[in-house]
Amino acid sequence: MRTIITALKAHLLAAGITAYWVDVPDKPTFPYVLLWGPAWGKREDSLAPTTAIDTILKVTTVAENPDLALTFTSRVLTHLDKKVLTAQDRTFELNLEWSQDVEVDRQVTLPAPNRHPAFAVSGFHLNASPERP
């Protein structure tokens, strides 16, 4: 699974999009993407490179305000939807399943400009198959 997440982060970074996996540093670079998801099925699925993975990867897009979040979310969704990538031992495909409205995170206040960031959560169907020789 780490191979897939590493490849996704590199894919986004190549497009100038900062991405984090599960956790965000205390002072993240805005805007950014937070990749997260379920337990990836059975434990061995997440470890064995020979096992196919079929799950939902959640993608949270975060920006300094709602307008920027809406624009950034559109950019990220366009960049990830219907993408097929290969990383070491796997080929994986992402397809947008759903996307929620942009919301303001009132639990967080940015020091400058003393506002609340905004975010949107989307779900991508992630299908990863082992590479065949």
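Me: Which residues of α1 are buried, meaning under 20% relative accessible area (1.4 Å probe, protein chains only; exposed is over 50%, partly exposed in between)?
Reply: Helix α1 covers residues 2-14. Its buried residues are Ile4, Ile5, Ala7, Leu8, His11 and Leu12.

Me: How big an arc do those buried residues cover around the axis?
Reply: The arc is taken from the directions from the helix axis to the C-beta atoms. Ile4, Ile5, Ala7, Leu8, His11 and Leu12 sit on the same side of α1, because their arc is only 160°.

Me: What kind of model is this?
Reply: Residues count from 1 along each chain as its sequence is written, and side-chain values use heavy atoms, leaving out hydrogens and water. Local features need pLDDT of at least 70, side-chain atom pairs count only at pLDDT 80 or more, totals for chains, interfaces and linings use all residues, and the model is predicted.

Me: Which residues are exposed on the other side of α1?
Reply: We've done the buried side, with Leu8 and Leu12 among its residues. Go round to the other side of the helix, and the exposed ones are Arg2, Thr6, Leu13 and Ala14.

Me: And which residue with a positive phi follows α1?
Reply: The helix ends at residue 14. Look past that end for a phi near 80°, and you land on Gly16.

Me: How many helices and strands does the protein have?
Reply: Both are DSSP runs numbered from the N terminus: helices are H or I, at least four residues, and strands are E, at least two. Read from the N terminus, the elements go α-β-β-α-β-α-β-β-β-β. That gives three helices and seven strands.

Me: What kind of aromatic pair do Tyr20 and Tyr32 form?
Reply: A search of the whole structure turns up two aromatic pairs (ring centres within 6.5 Å, taking the six-membered ring of Trp; planes under 30 degrees apart are stacked, over 60 edge-to-face, the rest tilted). Here the centres are 5.4 Å apart, with 75° between the planes. So, with an angle over 60, the pair is edge-to-face.

Me: Which strands hold these two tyrosines?
Reply: Tyr20 and Tyr32 are twelve residues apart, and their pair links distant parts of the chain. Tyr20 belongs to residues 18-21 and Tyr32 to residues 32-36, in other words strands β1 and β2.

Me: Is Tyr32 buried or exposed?
Reply: Its partner Tyr20 has 15% relative accessibility, so Tyr20 counts as buried. Tyr32 comes out at 9%, so Tyr32 counts as buried.

Me: Which residue joins Tyr20 and Tyr32 in a cluster?
Reply: The two tyrosines already pair edge-to-face. Ring pairs link them into a cluster with Phe30.

Me: What share of the protein's residues is buried?
Reply: The protein has 133 residues. Tyr20 is one that counts as buried, and the buried share is 36%.

Methods. Expected span 1.5 Å × (residues − 1).
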